[in-house]
Amino acid sequence: MEIDKAIRECDDRRLQTKYNNATYVVQRALALYSIEEVAFSFNGGKDSTVLLHILRAGYFLHKKGQNSVNGDLKDFPIRTIYFESPCAFPEINSFTYDTAAIYGLQIDTISLDFKSGLEALLKEKPIRAIFLGVRIGDPTAVGQEQFSPSSPGWPPFMRLNPILDWSYRDVWAFLLTCKVNYCSLYDQGYTSIGSIYDTVPNSLLCISNSSNKFKPAYLLADGRLERAGRAKRPSTSTGGQIPAESNGLTSQDSYKNSMLTASIIAVGDEILFGNLEDLLGPYLCRKLHSIGWSVLQHSAVHNNIDSVAEEVERQKSKSDMVFIYGGVGPLHSDVTIAGIAKAFGVRLAPDEEFEEYLRHIIGDQCTGDRNEMAQLPEGITELWHHDKLSVPLIKCENVIILSATNVPEMEKQWDCWIELAKSSDLLALLEPYVSKHVTTNLSDVEIAQPLSKLCLEFPDLYIGCYRNARYGSLIVSFKGKDLTRIESAIKALQKKFQPSAFIETK
Ligand SMILES: Cc1cc2nc3c(=O)[nH]c(=O)nc-3n(C[C@H](O)[C@H](O)[C@H](O)COP(=O)(O)O)c2cc1C
Ligand SMILES: Nc1ncnc2c1ncn2[C@@H]1O[C@H](COP(=O)(O)OP(=O)(O)OP(=O)(O)O)[C@@H](O)[C@H]1O
Ligand SMILES: [Mg+2]
């Protein structure tokens, strides 16, 4: 079988692993369901072209296991369904039908929408499971596994996704290694193909001095941008994404004077045992105040997925942004990222770009075929790269994961974060907070009432009191965004007593 041979003879170990896993899924599916009970959803796209050959190879291996091999190119008895649409590219249609002829696919062309078409098909045929070329990173892949029942509201069948964990790079490595045909549009700069109305060549492949010449799809360096040529559909909901104006990811000037809030979560048994003093939280509080943000809460939780998940879930809806540190790495106690995934109700999925960064640092030291550290929450993760950082900052919607373990490291990550923020709409930098402190030897009882009144007179300021010792002097702190207001408040307080009753301190 030419596909099986091409993969076994190539020297791409990663591709071989992906191929073995995908054909294994096919073989298990064929052991579970009879040939009449499965179908292959083929649309001439690159992912379904990969799947076609994975199915051919998986079917061959399945038959080989039963000692009834037929090496014939056209030995493919799995029913193939194609949802034809007047909005499809003619190149996609002709590739689909040409491929069907070459490999002997029995194509059922369906002219209805997906749901109605499947309802009709399942009424007529004994189909119980359908193979799809869905991959992690596709908008429809979120929450799916290799075997996923159809969604509520859809007719009942099992969705079989043998190439779910394949990356864009894996797809092209497979198609090029096996030297199989693919739709000609991919050689004209198209990287993911929808309808003629929502798909254009990927501008990242544009040859610089020509506006209508594009490099082939396999040259796209960053697979995460494969859908850059697909128009965004107007959506009715935010799809779990917090709207930009409420999560601090906003254009810098319009928000200078608004109020944005952050929460800080430290993850560490050691902090809660009292073995380790958490210096990073206070550092972040100071830094957040310096960019005008208010810190709503600073909490510490155990290295436990559920504890992290519960706290993140609470804070992410209360605050514009959540900063979390501790529990990031390959150890058994490093559960922060898994906890974040749980808080958002998504699973961890391999992130190729992140894996690449980790490989630079730890080489090939990870065990197994997959680097578990490169698994990040699916569909919600962005990597923010800065030249001074060996690993990018990880942002999951409004939760920022900081890997720093001490103050100098945190300082570096914070500075890079701010630099990135300045050059993009990553984080709104507001008018910074300023503060003044005065000390007094007046007793709490003497000062209590005048201070309450002062708070009412200056509602825009935070006026707080603390003391370093029960019987020492009292420190009154004034925090706000307007220094003249702070000075007025101090004067107003002094007026209520003797001016010498208060001494300004640092
Ligand atoms: C065979 C088949 C089964 C599908 N099953 C489901 C399903 O169970 N749940 C669902 O929400 N969408 C299902 N879909 C729809 C896809 O998730 C997706 O909307 C469709 O492939 C369109 O993708 P596009 O918008 O990128 O073109 C199915 C599509 C096909 C072809
Ligand atoms: N019109 C269709 N007919 C049959 N199956 C379809 C159709 N559209 C989508 N599918 C199924 O859904 C899968 C995912 O579609 P998707 O568009 O993400 O991938 P693709 O079309 O194979 O490749 P590309 O990402 O390059 O467009 C396909 O591989 C195929 O199994
Ligand atoms: Mg497609």
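The shell around ligand 2 divides into 8 nonpolar, 6 polar and 3 charged residues. The model is predicted. Its protein has 506 residues, of which 32% count as buried, and contains 14 helices and 18 strands. Of the contacts between residues at least 6 apart in sequence, 74% join residues at least 24 apart.

**Ligand 2**

- There are 17 residues around ligand 2, and those that come nearest are Asn43, Gly45, Asp47, Ser48 and Gly133.
- Two elements, H3 and strand E2 (79–83), give two or more residues each to this shell.
- Helix H3 supplies the largest share of the shell around ligand 2, with 4 residues.

**Ligand 1**

- The shell around ligand 1 consists of Ser41, Phe114, Ile130, Leu132, Thr140, Ser150, Ser151, Trp154, Arg159 and Gly194.
- By class, these residues around ligand 1 are 4 nonpolar, 5 polar and 1 charged.

**Packing of H3 and H6**

- Helix H3 spans residues 46–65 and helix H6 spans residues 168–177; the two pack with their axes 10 Å apart, at an angle of about 55 degrees.
- That angle makes H3 oblique to H6, because an angle that is neither under 35 degrees, nor over 145, nor from 65 to 115 counts as oblique.
- The crossing of the two helices, H3 and H6, is left-handed.
- On the H3 side the contact is formed by Lys46, Asp47, Thr49 and Val50, which meet Val171, Phe174 and Leu175 of H6.
- The residues of this contact between H3 and H6 comprise 4 nonpolar, 1 polar and 2 charged.
- Asp47 appears in two of these settings: in the contact of H3 with H6, and among the residues that come nearest to ligand 2.

**Positive phi outside glycine**

- Lys179 has a phi near 50 degrees, a positive value in a residue other than glycine.
- The loop that holds Lys179 runs between H6 and strand E7 (261–267).
- Lys179 has 9 other C-beta atoms within 10 Å and is therefore exposed, the limit for that class being 12 or fewer.
- Glu397 also has a positive phi in a residue other than glycine, near 50 degrees.
- The loop of Glu397 lies between strand E13 (393–396) and strand E14 (399–402).
- Glu397 has 22 other C-beta atoms within 10 Å, so this residue is buried; the class begins at 20 or more.

**Surroundings of Asn303**

- Asn303 sits in the loop between strand E8 (294–301) and helix H9 (305–318).
- Asn303 counts as buried because 21 C-beta neighbours lie inside 10 Å.
- Leaving out residues up to four places away in sequence, Asn303 touches Val267, Gly268, Asp269, Gly327, Ser333 and Val335.
- Gly268, one of the residues touched by Asn303, is 35 residues away along the chain, yet the C-alpha atoms of the two are separated by 5.5 Å.

Conventions: Residues are numbered from 1 along each chain as its sequence is written. Chains are lettered from A and ligands numbered from 1 in the order in which they are written. This is a predicted model: local features need pLDDT of at least 70, side-chain atom pairs count only at pLDDT 80 or more; totals for chains, interfaces and linings use all residues. Two residues are in contact if their C-beta atoms, placed from the backbone, lie within 7 Å. Axes are lines fitted to C-alpha atoms, for helices over the stretch in contact, and angles run from 0 to 180 degrees between N-to-C directions. A crossing is left-handed if the near helix is turned anticlockwise from the far one by less than a right angle, and right-handed if clockwise. Ala, Val, Leu, Ile, Met, Phe, Trp, Tyr, Cys and Pro count as nonpolar, Asp, Glu, Lys and Arg as charged, and the others, Gly among them, as polar. A residue is near a molecule or strand if its C-beta atom, placed from the backbone, lies within 6 Å of it.
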